[in-house]
Each structure stands twice: as C-alpha cells, then as structure tokens.
Amino acid sequence: MASTGALAQSQPPSAENGEWDLTDLYASLDDWQQALKEVDSRIQTLGDYQATLTDSPEALAKALDAIRSVEKSANRVQTYASLQADEDLRDGQAQERQGQAEQLMARFDSAIGYLRPTLIAMDRSALSSWLSNPQLQDHRRFLENVIREAPHTLSEQTETALAALGPVMSHETPYSLLANSDIEWPTIEIDGKRVRLDAAGYGQWRESQDRDVRQRVFEAYWPAWQQYTSTFGSLLNAQVQQHVTEAKLRHYDSAMAAAVSRDDIPPAVYQQLIDSTNDHLDTLHRYLRLRQRILGVDQLHYYDIYPPLAELDRTFDLDDARELTREATTPLGPHYAELIGQATNSAWTSAYPSQGKRSGAYMNGSAYDVHPYVLMNFNGSYGDVSTYAHEWGHGVHSMLTTESQPYATSDYSIFTAEVASTTNEQLLVDRMIRRAKTPEEKLFYIGQALEAIRGTYFRQAQFAEFELAIHQAAENGEQLSGDRLTKMYGEILRKYYGVDQGITDIDETDYAEWAYIPHFYYDFYVYQYATSITAAQVFAQGLEENSQTWRDRYLNVLSQGGAQSGYQLLKNAGVDLATPAPYDKLDDTMNKLIDEAEAVLDKID
C-alpha cells in the first residue's frame, strides 16, 4: 500500500488501487500543522463564554455554537493524525502527531470543563424552559442529556481535571502499539513457504481448509500472546480500574450502568442480551454439531471454528466487493445507492494489508465537513467482501446523518452505528444464498450467515459477559492479573462452546484470546455488535416482507443520527432490545438456517 503520509508521490492515491487520499482533509502536512495551531488558539478563547453562559438562551446558544465549531475543527485535525498514524504504526513521527492531536482534544475537553457544571448549577426548570428557544434547537439533545445526567456530573474543578487526565487514563494506544508492532510474531511453513502469523496472517490462515494448518496456526499464534498476558493484564486491569473508579465518582450503580448511560441506553438492554444469549446456547451448540458433521471430525476443536462450512472455488477482488455491496443494498432505495456508489468509487478506503499497518477494520467519519474513511486489510476472501459492506454501512450512515443533521446532532450512538453496518452484511449474505448456483455454493453462504450469527451475536455476547464479569470483579475489590483474566475468560469460553458437554475441545493456551481483543479497552462497547445483528435481522426480514415500510423506518433511524437515543430510535422503528422478542427471533432465524443447511447436506450425501 502506498503511504499517503509521505505527501510526495509520483501518483496520487486512487480508489482503483485501494488507497485513501488524506489530502481531502489537508493538502499537506504543513496545512495540518497550521490547522493544529489555529484550533489550539481557538480553544483558548472558549473559557470566555463561562461568565455569560447562563445569562439568556441567546447567550447559551452563542457559546454552544462556538464550542461545537471548535470541536468540529479539532475532530478534523485528529482524524488526519489518526488515519496517518494507522498507515504504519512503526512511524514514530506519525505517532507523535497522533499524540499531539490527542493532547489537543484533551485541551478542548479541559477548556469546556465548566460547561456541564455551570448548566447543572442553573435552576432545572429554567434550563428546561429554554429548550423551546429556536436558537437552541441544534443543541436541544445535548441540553436534554445534561438535565438527565445532572446527578452524575461532578464539580467544575473535578470535571476539568478528569478531562485533562483523559490521555493518561486511556490504555488503548499502548495496547495497540504492543499488539501491532512489538510482539515478535511466529512463522510457520505452509506449502513450502514461511508464513508470518501477525494479526492479518492469523486471520487468513485460521480459515484454511487444511486442518493440520489450522492446528499449527493456533499452536504457534496463541503462545505468542500468552507470553505477554502479564503485560496485557496490567494494561487491561488499569483500564478497568479507571472505569470503575470514575463510575463511583459519578455515583453510578456500576461501571456498566455508567457506560450505557452515556448513550441513554437502559442497563436492562445489556442484561437482557446476556440472559437471552445464555437461554439460547443450545442453538449455538446445535450449530457447532453441524460444523462437526460438515468437517467430518470426531472431535471439534477451537481451531475448527473458522473455516467455511463448504469450499468456494472463488476469490474476490476489491471490484467484486464494490459491486456486490452496491447490488446487495439495492432494497435500501435510490438515494442509498447514490451514496454507496460515490463512496465506493472514491479514494476513501485503505484496503490492503502492509507491514506496520493497523490490523482489523474500521470507519472513521469524524471529519464532518469532509467524508468518511475506511481502513481494512483485504485478503480476497468472502469475509473481506462482507467487511467492506459492513464498514461502508457505517460510512453511508455518516453520510446520511451529515445530510440530515447539524454537527451538534451528527454524532450518532454506536448502538445504531452497528445496526447500519450489520444490516449491510445481512443483505449481502441473503443475496448470495438466493443466487447460489450449486448446493455446495449455497451451503457455503448459509455457513457464512450462520458464522455471522456465531461471530457477531454469540461471540460478542460472550465478550460482553466477560467484560461485565471483570468489571464486577474490580468493583468487588479484585485486581485483575493476566492469570486471573485468562482463567475468567477460559470459564466463559468453555460454557459457550460446550466443553463440558464434549461439543468442543479447547486448548488452555487459547484462553489467552482475551488479550487479542482491543474492544475491551473501549468501555462496554462490544455488546452493541450483538444487539445490532439482532436488530439487523429484524430490518432485513422486514425489507423482504414489506420493503417500503421497513426501508422508511430503517433510513429514518440512520438519518436521525444523534438526535435521539439509539435505543429509542430502534424502539420507535419496531425493535425493542430490552425485551426477549428480538433475540428470540434471531434464534429462530439461526435454527431455520441450520435446518436449511442440513437439508442441503442430505441432498449432497
């Protein structure tokens, strides 16, 4: 992949080559440096609004308009630095620029530390009466949240101090550096060639049809992580303790309650997810038995989880990913098609893996006045096509929100963000199942649909249960060493994969998998993948049964951005994730897919 960080290339980055063009953000590094200085200077003026903040609705509107304008510019500065740093995590200068941007955001947060405490100190009824003022309409949702969160907002001095400590209290960056650039990755021989098992290599070779290869991959990869579990344990323990401490300072019942409150999600949603998932583990176990039958093995092992249930004699290129994503999202209507076409035809995606590049995939839509960017590590599998559709589901969500919402309400909740991405995945796989030309091809795509439910619902719910357990342990005064985290993760892993029932055999070195998951540093983030695939199933089925009604409901959710609670937006659209019904529906879908797979197998046999 060509580095856009160098800003001096013989040819500009192109969509055809799977490169992103960061000059859409800033034409040069000098321009970025100048923007950094300008935003820093503007941040220093934000304290001037404190004295007049509550004088009148008009004074408050003027202050909030200024604050959001600075925030929008600061986000653009940070987006550039973050994307450029992720191109090559070994680039020390890029990492320094990312640090500069993070410090800038910390200074912004510190400069407006007075905002919530000053508003909360107002008479509550007076502030509520201001919500109808026309000049405050862009900020209504923010003010509603201020009133809702008033019991959990601290003094101005404390809020300012916590904001200033933000970069110190986050352990995501040191985790990322250790996980992506400092581990000495093992190599193994596959087909006469030495293969490096970094994150991208592991992601590719764990899907091998050769069981011996999969076993050797696991036997080499997880011990490499296990060597660092003490260090990873120290980092994760510190992050969890920070979550717990801040939740206590803010008078929440728990760290989980504090985390979901930020997005106005009822804690009942989190608990319902875990309860419903445990109620339906028998369906996961049924799927694992199906996998055992298809693979023809006497005993299923953890390294048997990832290969496709059937072989597909095809690899995919980036053009395939673009075209299939466009076709799959046709039910979402002409305007969605226009936006996905623009996104996939532009140099907005860093597609291919390279040494030092950040692993995994994400969409960054924080530059409100520009456009979204997607990073991924495309290797040519169907899973990569699905990831492409997933990330551009996020991207179009951002584009729809930017069209419909002012900046102040453009920051949508992760709770709805993952619905936007997972619905694209669901539409894609449903299309592939319908158009399969052979029983083997159909079985492959059914397997992909089943694996999506396992990976996005059951696996993420498993992570959510682990995350809740480690925070509860910390709340009970326990320190979370690497050994303790490995033991806790192993116990949950055994339950989900039916080890005690003899369904799956899992080597104890695989319990180090917890250290591999960056999302545990994101403060109760992963549960939203599981709730999202649940909602996505409802929307995908609705689009098939009554396309116009469900299209309008769905696109309304995406276009609303952060104008309402994500939970409330989905509930208004007919999906209440604080009740068992959506999860039961997902369970029914999974069982029907298993039935369909077994019917195909019976024909093949």
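Helices (H or I, at least four residues) and strands (E, at least two) are DSSP runs, numbered from the N terminus. The model is predicted: local features need pLDDT of at least 70, side-chain atom pairs count only at pLDDT 80 or more, and totals for chains, interfaces and linings use all residues. Residues are numbered from 1 along each chain as its sequence is written, and side-chain values use heavy atoms, with hydrogens and water left out.

**Exercise 1.** State which helices each supply at least two residues of the lining of the second largest pocket.

Solution. A pocket is an open set of points on a 1 Å grid over the protein atoms alone, where a 1.4 Å probe fits, with protein on both sides within 12 Å along at least five of seven lines; lining residues have an atom within 4 Å of a point. The helices are α19 (414-434), α22 (527-545) and α25 (581-604). The largest share, six residues, comes from α25.

**Exercise 2.** Describe the space and the lining of the second largest pocket.

Solution. The space is about 440 Å³. Of the 16 lining residues, Asp-430, Gln-541, Glu-544, Thr-589 and Leu-593 are the closest to the centre. By class, eight are charged (Asp, Glu, Lys and Arg), four nonpolar (Ala, Val, Leu, Ile, Met, Phe, Trp, Tyr, Cys and Pro) and four polar (the others, Gly among them).

**Exercise 3.** Classify the ring pair of Tyr-221 and Trp-225.

Solution. Rings of Phe, Tyr and Trp (its six-membered ring) pair if their centres lie within 6.5 Å; planes under 30 degrees apart count as stacked, over 60 as edge-to-face and the rest as tilted. The structure holds 40 aromatic pairs. For Tyr-221 and Trp-225 the centres are 6.2 Å apart and the planes stand at 65 degrees, so this pair is edge-to-face. Both residues lie in helix α11 (residues 211-226), four residues apart, about one turn of the helix. Buried means under 20% relative accessible area (1.4 Å probe, protein chains only). Tyr-221, at 0%, therefore counts as buried, and so does Trp-225, at 2%. Both belong to one aromatic cluster, which also includes Trp-222 and Tyr-306.

**Exercise 4.** Find the backbone feature of Asp-523 and Phe-524 in the loop between β7 (504-505) and α22.

Solution. Asp-523 has a positive phi of about 70 degrees although it is not a glycine. Phe-524, also not a glycine, has a positive phi of about 55 degrees. Asp-523 is buried, with a relative accessible area of 13%; Phe-524 is buried at 3%.

Key
Grid points are joined across faces, edges and corners, and a volume is the space filled by probe spheres set on the points. Buried means under 20% relative accessible area, exposed over 50%, partly exposed in between (1.4 Å probe, protein chains only).
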